[in-house]
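Student: Could you take me on a close look at the aromatic residues in this protein and what surrounds them? I would enjoy one connected walk-through.

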Amino acid sequence: MTVSEARAILREYYENTNPSEDDRFVYTEALQFLIRETKNPAYMMELGGMYYEEKDFDLARKYYEQAAEYNSEDAFLCLGYIWYYGRTGEKDFGKAFYYYDKARQAGSVQAAYKVADMYKNGYFVEKSYGKYKEIIEELYPKVQNARRLNEPMPEIYTRLAGIRAAEGKIEEALELYDEARDFLAQRIQVNPFFGDLTIMKYLIADIYRLRKPRPAEDDLNETWPDEDDLYDLYEILKKPVKVEFLYEKSYGKGEMHEVEAVQEEDGLVIRFDDKWYRNIDDFFKKAELDGEKLTTIYDQLYDIHVKD
């Protein structure tokens with residue numbers, strides 16, 4: 001293998017919306033080759049990120065630490081996550097703050113809001129809601145015109161929405177949540193990373209908590225969209241219920257599908273057509289139509305409604 005061939009493998013992998021295990025193996029081999037040959041920390045971060053998505057956090061940490069030796073801002077940020085959440089078995093807020101603050105000083109907006117979280121929760125530093133709010137307010141203008149999907153606009157908007165809700169500014173909070181939701185849906189469409197799906201789940205819960213009960217269909221107001229989308233299922237499927245939706249395969253051609261939340265002894269399980277999923281998180285991670293994940297084709301799903 002040459003460097004050019006390895007890079008070609010990476011490009012081909014990026015264009016594959018639903019890679020197989022064999023595709024992922026070849027991609028991993030190419031990345032490992034590029035790391036050995038180029039010593040480029042970007043490849044170390046990419047491989048570490050793949051292992052993080054697969055929840056193989058020990059390997060993720062290994063490659064993040066390699067990249068940190070080259071003073072990678074992204075490596076500092078990701079190591080902060082490793083220690084903040086105890087991904088490798090042990091939480092260490094001191095180390096988390098060290099890495100987050102190191103990345104923040106290098107200009108990372110994402111690290112800055114995690115530092116804010118540590119002030120809000122009193123992790124390693126003295127608890128200060130005022131400091132938390134101050135940092136989030138300062139970050140808001142930096143992401144208002146976000147265009148790249150990896151920019152932390154949803155993360156900052158949801159935090160600011162929580163601040164506005166606490167101030168009683170419900171309409172402003174809902175606007176922030178809705179903008180964050182749209183941006184996050186586009187990000188998940190490209191890559192259904194479990195962390196982003198978790199953000200979406202809690203974002204949807206916050207929206208439903210703040211909105212008044214949904215009115216009759218002929219009496220919708222500005223606080224409710226005209227119809228539900230895929231991610232409303234996070235809330236709708238919290239109880240035993242059957243839901244239908246239309247999948248528009250091509251212009252003027254659609255087909256109906258059914259998803260159901262079924263109560264079992266250990267909790268709710270999800271049935272989608274003839275397939276079963278352990279829970280709502282498993283459904284959002286794995287459910288497919290025509291070989292594409294639902295999260296990839298979410299904008300082709302319409303008329304989502306609870307069956308009578």
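Tutor: Happy to; what follows goes from the overall fold to the aromatic residues and then to two of the other buried positions.

Please keep in mind that this is a predicted model. The protein has 13 helices and 7 strands, and its C-alpha atoms fill a box of roughly 60 × 50 × 40 Å along the principal axes. The radius of gyration is 21 Å, which agrees with the value near 19 Å for a compact globule of 308 residues. Of these 308 residues, 44% count as buried. Among contacts between residues at least 6 apart in sequence, 49% join residues at least 24 apart.

Now to the rings themselves. The structure holds 28 aromatic pairs. One of them joins tyrosine 52 to phenylalanine 57 in an edge-to-face arrangement, with 4.9 Å from centre to centre and 70° between the planes. Both partners fall under the 20% cut-off for burial: tyrosine 52 is buried because its relative accessibility is 8%, and phenylalanine 57 is buried because its relative accessible area is 12%.

Tyrosine 277 and phenylalanine 283 make another edge-to-face pair, where the centres are 5.8 Å apart and the planes meet at 75°. Here, too, the partners are buried: tyrosine 277 has a relative accessibility of 9%, so it counts as buried, and phenylalanine 283 does so because its value is 1%.

This second pair belongs to a wider group. Tyr277 and Phe283 are part of one aromatic cluster, together with Tyr231, Tyr234, Phe245, Phe272, Phe284 and Tyr298. Two members of that cluster, Tyr231 and Phe283, also appear with Leu233 as the residues with the most contacts inside the largest nonpolar core, a core of 100 residues.

Tyrosine 231 is a good place to pause. Leaving out residues up to four places away in sequence, tyrosine 231 touches Phe284 and Tyr298, along with Arg181, Ala185, Ile188, Leu197, Met200, Ile204 and Thr295. Phe284 and Tyr298 are fellow members of the aromatic cluster.

Leucine 289 brings us to other members of the cluster. Leucine 289 lies in strand E5, which spans residues 288-289, and is buried because its relative accessible area is 7%. Beyond its neighbours within four places in sequence, leucine 289 is in contact with Phe245 and Phe272, and also with Tyr247, His257, Asp273, Leu294 and Ile297. For a sense of distance across the model, the C-alpha atoms of leucine 289 and alanine 75 are separated by 36 Å, and these residues are 214 apart along the chain.

Some rings have a charged partner. The charged end of lysine 114 sits over the ring of tyrosine 84, 4.3 Å from the ring centre. Likewise, the charged end of lysine 131 sits over the ring of tyrosine 119, at 5.9 Å from the centre.

Let me finish with a polar residue. Threonine 158 is found in helix H9, residues 153-166, and counts as buried because its relative accessibility is 15%. A polar atom of the threonine 158 side chain lies 2.9 Å from the backbone oxygen of proline 154. Not counting residues up to four places away in sequence, threonine 158 touches Tyr177, Ala180 and Leu203.

Conventions. Residues numbered from 1 in each chain as written. Predicted model: local features only at pLDDT ≥ 70, side-chain atom pairs only at ≥ 80, totals over all residues. Heavy atoms only, no water. Phe/Tyr/Trp six-rings, centres within 6.5 Å; stacked < 30°, edge-to-face > 60°. Buried < 20%, exposed > 50% of the residue type's maximum accessible area, 1.4 Å probe, protein only. Lys NZ or Arg CZ within 6 Å of the ring centre and 35° of its normal. Core = buried A, V, L, I, M, F, W, Y, C linked by side-chain atoms within 4.5 Å. Contact = heavy atoms within 4.5 Å. Helix = DSSP H or I, 4+ residues; strand = E, 2+ residues; numbered from the N terminus. Polar contact = N/O pair within 3.5 Å; in protein donor to acceptor, adjacent residues only side chain to side chain. Rg over C-alpha atoms; globule rule 2.2 N^0.38 Å.
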